[in-house]
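Student: Could you take me on a close look at one loop, and then set it beside a few other parts of the chain? I would like a careful, connected explanation.

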Amino acid sequence: MRADNLSSRAHEIHFGSIVFDTHADTPQRFFFDQFDLAQRDAEGGVDIPRMREGGVSAIFFALWVPVHITGSKATRRALDLLDATLEQIGHHPNDLMLAASSQDVRAARAQGKIAVLLGVEGGHAIDNNLNVLRDFFARGVRYMTLTHNAATDWADSSNQSPLHQGLTDFGREVIREMNRLGMLIDISHVSDQTFYDVLEVSGAPLIASHSCCRAICNAPRNMSDDMIKALAAHGGVIHITFHSAFLSQQYADATQSPDSEWRLNLEAIAEKYGENEARKLAEEQRLSDDLTRAGKLPAV
């Protein structure tokens, strides 16, 4: 097939399909910066005009709670992000529709709208309470990323030395309850042993909402070939994240050096913006772009 025919066919498949973005951190911007999703924005990567142009049919907005926020405060932060996301849907009913099922996603597409789905990122947001998990589900949350960059009280993270050797007994209860509710189990960020424990316990397929391939870039969050094969064998799927630190070993190595310009500037960004995760994410991306253009970080 000629290159121009191949490109035309790819375009046809893409725009004729229901295309999912399975993990976007934009709720931080809704909450901290009162960002309006309808406006084309030069700083971020997600807004309604570009989702339209890119053929994105459905998007999971991540209710991400940093790991230093714990207990009931973590639950409150996730709920604040959820409310901020629902406000966006309310402000733009002609473009957005809350979806809680595959039928809702198809209905949104039939109406010419973008389906918005909700996912909690970080199992610490349920505060070790299955009733909180049920409340999240009742409010529309349809996946939970079991850990973030630190272990919960019931599951180990890929970014920390093991505390539990995988899932605890309560962690297994969480998985079974998510199965019962019909909530997707997201294994991005979990340790290898946690992954295999979840695979053993879950009666439903798993997703990795934002992971990449360890064979290409040896970042802790990325999945080995064996893990990817095991995920697929149980009907699960992996969704690649387009971030240089998880796609390029050269980039990852360059940013890990403690005396690198990247590391030194990260500390300044964290100090300047404090709790405002939206601004920290934006400034970190700006820093990465600037250092890459200057040749101080490898281009991907």
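Tutor: In this predicted model, N128 is found in the loop that runs between strand β4 (114–121) and helix α6 (130–138). Its phi is near 55°, which is a positive value in a residue other than glycine. Most residues other than glycine have a negative phi. As for its surroundings, N128 has a relative accessibility of 37%, and because buried means under 20% and exposed means over 50%, N128 counts as partly exposed.

Another loop residue can be set beside it. Q34 is found in the loop between α2 (27–33) and α3 (48–54), and its phi, near 50°, is likewise a positive value in a residue other than glycine. With a relative accessible area of 61%, however, Q34 is exposed.

A further loop, between β8 (237–238) and α10 (244–247), holds I240, a residue that counts as partly exposed at 37% relative accessibility. I240 also belongs to a nonpolar surface patch of about 430 Å², which it makes together with F242, L247 and V300.

Turning from loops to helices, α8 (residues 192–201) and α9 (residues 225–233) pack at an angle of about 15°, and their axes lie 11 Å apart. Because angles under 35 degrees count as roughly parallel, that angle makes α8 roughly parallel to α9, and the crossing of α8 and α9 is left-handed.

How values were computed: Residues numbered from 1 in each chain as written. Predicted model: local features only at pLDDT ≥ 70, side-chain atom pairs only at ≥ 80, totals over all residues. Heavy atoms only, no water. Patch = residues over 30% accessible without salt bridge, like charges linked within 9 Å, V, L, I, M, F, W, Y side chains within 5 Å. Areas by Shrake-Rupley, 256 points an atom, 1.4 Å probe, with all protein chains shown as cover. Salt bridge = Lys/Arg side-chain N within 4 Å of Asp/Glu carboxyl O. Helix = DSSP H or I, 4+ residues; strand = E, 2+ residues; numbered from the N terminus. Buried < 20%, exposed > 50% of the residue type's maximum accessible area, 1.4 Å probe, protein only. Axes fitted to C-alpha atoms, helices over the stretch in contact; angles between N-to-C directions. Parallel < 35°, antiparallel > 145°, perpendicular 65-115°, else oblique. Left-handed = near helix turned anticlockwise from the far one by under 90°.
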